[in-house]
Amino acid sequence: MKILSIESSCDETAAAVVEDGRNVLSSVIASQVEEHKLYGGVVPEIASRRHAECISQITAQALDEAGVTMEDIGAIAVTAAPGLIGALLVGVNFAKGLALATGTPLVPVHHLRSHVAANYISHPDLTPPFLALVVSGGHTHIVEVRDYTDYHVLGQTRDDAAGECMDKSARVLGLPYPGGLNLDRASQNGDPKAFPMPHPKVNGSEYDFSFSGIKTHVINTVHHMEQMGETPDVADMGASVIAGVVDFLVRNTEKAALDFAYDKIVLAGGVSANSVLRRRFEELCAEHGWQLYLPELSLCGDNAAMVGAQGYYEFENGVRADLTLNARPTMNIEESF
């Protein structure tokens, strides 16, 4: 079964054609990074306008590159939550119009579930159940993936997400957008012990996270040094921030895996591209004899192929939407449409 999928939750306009949830026939992405770089982050109004300008062309290109027409498409999958509401609405309304015009079933998809599903493309042998760490700019979750559409959250951030902590640390260090990516690059030769970071713990919630303390510590340290006429070493500070964030992610995920007897660990989301995070989880899983699944770097960021992968399993589970479908800026990963 071929699914046409559409993604517009943030600053990438994307469309893809995916067959049977695993085989990507085409994947087209129009990135807005260079434009948002001028402002140091995503400007929601600009993002929405750019989506509206190119979504039709991107979708047509995806169909053309896959060598198919709408007559070959069994369903249209679209990211409907969570994300920037204006950006989501562009994709949702375009998908609704296309579904109405062609009589094609419409399947709403959860953005974070799609990130997990990116691993189904990278690893055709991967099947639930497994434990997933979902880490992105706005979300940090430890999730039991019991089945393709059955999710249970064990832990999540109480404040800032891991990616948000890295992004804001990068900004205070003067690194350009996208912060997390540039922080990773700038810290390759840095000393991760140069600037000791706090080791947060959420009392009463052993699998939850809190990254606001690390973020605040970095901001205060940099400002204090500047007031003293000193300049922090970007590589050392960056390496220290990443080490502090990754330590927390590894510690909680390891505990959850041991407590719930999981030996398959999946990483997902934009932050799963971080080189230190990938290396540390490779070491962790080798130590315990666990299987580790990492998405290809090209599938870590927002893309429509992952939407098509998850959309296939949502469709198989009977998920459909009519023209009353609306975008949602927030939605628990456990919820179904």
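Let me begin with a hairpin, since a hairpin of 4 residues is what joins strand β1 to strand β2, and I should say straight away that what we have on the screen is a predicted model. Strand β1 covers residues 2-7, while strand β2 covers residues 12-19, and these two strands run antiparallel, with 6 bridges joining them. If you would like one pair to look for across these strands, take I6, whose bridge partner in β2 is A15.

Strand β1 also has a second partner to consider, namely strand β4, residues 75-81, and here the two strands run parallel, joined by 4 bridges. For a pair to find in this case, go to L4, whose bridge partner in β4 is I76. As for how covered strand β1 is, 5 of its 6 residues are buried, so to speak of the strand as mostly covered is fair.

Now let me turn to empty space inside the model. How many cavities of 30 Å³ or more does a search of the whole structure find? The search finds 1, and the space within the largest cavity comes to about 40 Å³.

Around that largest cavity, the lining is made up of P108, V109 and H110, together with R113, E314, V319, E335, S336 and F337. Strand β5, which spans residues 106-110, supplies 3 residues, and that is the largest share of the lining. Sorted by character, the lining residues of this largest cavity divide into 4 that are nonpolar, 2 that are polar and 3 that are charged.

Notes
Residues are numbered from 1 along each chain as its sequence is written. This is a predicted model: local features need pLDDT of at least 70, side-chain atom pairs count only at pLDDT 80 or more; totals for chains, interfaces and linings use all residues. Side-chain values use heavy atoms; hydrogens and water are left out. Buried means under 20% relative accessible area, exposed over 50%, partly exposed in between (1.4 Å probe, protein chains only). Two strands pair if DSSP finds at least two bridges between them. On a 1 Å grid over the protein atoms alone, a cavity is a set of points where a 1.4 Å probe fits but cannot get out, and a pocket is an open set with protein on both sides within 12 Å along at least five of seven lines; lining residues have an atom within 4 Å of a point. Grid points are joined across faces, edges and corners, and a volume is the space filled by probe spheres set on the points. Ala, Val, Leu, Ile, Met, Phe, Trp, Tyr, Cys and Pro count as nonpolar, Asp, Glu, Lys and Arg as charged, and the others, Gly among them, as polar.
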